[in-house]
Amino acid sequence: MSQNIIVEREGQVGWIIINRPDQLNALNRNTISELNKALSDFREDPTIGVVCITGSGEKSFVAGADIKEFAEYTVAEGGALALHGQQRLFDFIEQMNKPVIAVVNGFALGGGLELAMACHIRIASSNARMGLPEVSLGVIPGYGGTQRLPLLVGRGRANQLIFTGEMIGAEQAKEWGLVNTVVEPTELKSSVLSLASKILKNSPNAIDKAIQSVNAGFDSRQNGYDVEIQSFASCFGTREFILGTQAFLKKEKANFRG
Ligand code: COA
């Protein structure tokens with residue numbers, strides 16, 4: 001039974017709503033465990049093709065790791081917090097077998113921005129504010145922020161955001177490539193569902209392989225081109241490839257999820 005998140009299914013879209021609005025949806029350890037469980041369930045559920053993560057309420061996506069929880073931590077506990085979080089949530093999302101969309105509906109700070117950055121796509125409402133304020137607390141981003149932010153916005157802009165701890169608004173985040181799209185808060189859900197419906201028309205296996213190939217290019221332990229060749233080849237043996245190519249040849253649209 002989840003206490004800190006709400007899990008919903010809307011057709012083939014799985015929703016995870018982080019539900020601690022009075023704490024601006026700050027991520028404590030229990031929330032991370034619940035998120036891991038919900039994501040694992042969606043991962044194994046063939047009826048779900050896209051997963052969306054958002055925050056409860058109108059003010060905040062996630063305002064960071066729970067400062068109240070870690071304020072008294074030792075060096076060892078701090079290390080365990082980052083390791084546990086990265087493995088169970090942030091890397092887990094990045095390596096999901098289906099697209100995970102961050103629906104950034106307000107503050108995305110610290111661990112909140114790191115959560116959004118671990119997702120494959122970010123859609124923000126126009127009132128969203130993003131930043132990595134950890135240095136103002138005497139700590140640095142520990143959930144992958146120093147690694148993923150430079151990949152998305154470039155090293156200079158990442159350094160600026162991390163060193164100043166300042167927030168940027170949704171439009172600037174879009175200009176910097178930190179979010180894909182900015183929409184009015186009232187249009188956030190319909191925009192996300194419209195994007196999801198486009199993804200859901202395509203081969204689930206091919207999308208999974210595309211995620212793994214893109215990820216491999218950012219993983220120094222792998223050769224992205226080799227992974228792409230192997231993934232490309234593996235598609236040829238699938239029912240979805242036959243469905244997709246045969247439908248094209250008959251001038252029809254393949255129905256991969258029928
Ligand atoms: N961890 C724990 N609690 C948090 C939190 C976090 N990261 N962010 C907000 N909260 C809590 C506040 O402590 C407050 O709880 P309280 O009512 O029990 O005191 C509640 O959420 C509301 O926040 P508040 O600060 O009163 O709202 P605000 O509108 O004045 O300010 C923020 C909003 C986001 C600017 C401010 O809450 C903030 O700076 N949060 C911390 C952001 C941060 O440093 N994140 C990185 C953590 S590593």
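**A walk along strand 3**

Visitor: What makes strand 3 count as mostly covered?

Guide: In strand 3 (residues 50–55), 6 of its 6 residues are buried. Buried means under 20% relative accessible area, exposed over 50%, and partly exposed in between (1.4 Å probe, protein chains only). Strands here are DSSP runs of E with at least two residues, helices are H or I runs of at least four, and both are numbered from the N terminus. By the way, this is a predicted model, where local features need pLDDT of at least 70, side-chain atom pairs count only at pLDDT 80 or more, and totals for chains, interfaces and linings use all residues. Residues are numbered from 1 along each chain as its sequence is written, and side-chain values use heavy atoms, leaving out hydrogens and water.

Visitor: How do you know that both faces of strand 3 are covered?

Guide: V50, C52 and T54 lie on one side, V51, I53 and G55 on the other, and all of them are buried.

Visitor: What makes strand 2 and strand 3 a pair?

Guide: Two strands pair if DSSP finds at least two bridges between them. Strand 2 (residues 13–18) and strand 3 run parallel and are joined by 6 bridges, so they pass that test. One bridge links I18 to G55.

Visitor: And what about strand 3 and strand 5?

Guide: Strand 5 (residues 100–104) runs parallel to strand 3, with 4 bridges joining them. C52 stands opposite I101 there.

Visitor: Why is one side of strand 1 and of strand 10 left without a neighbour in the sheet?

Guide: The open sheet has 6 strands in the order 1-2-3-5-7-10, with mixed pairing. Strand 1 (5–10) and strand 10 (181–183) stand at its edges, each with a single partner strand, so one side of each has no neighbour in the sheet.
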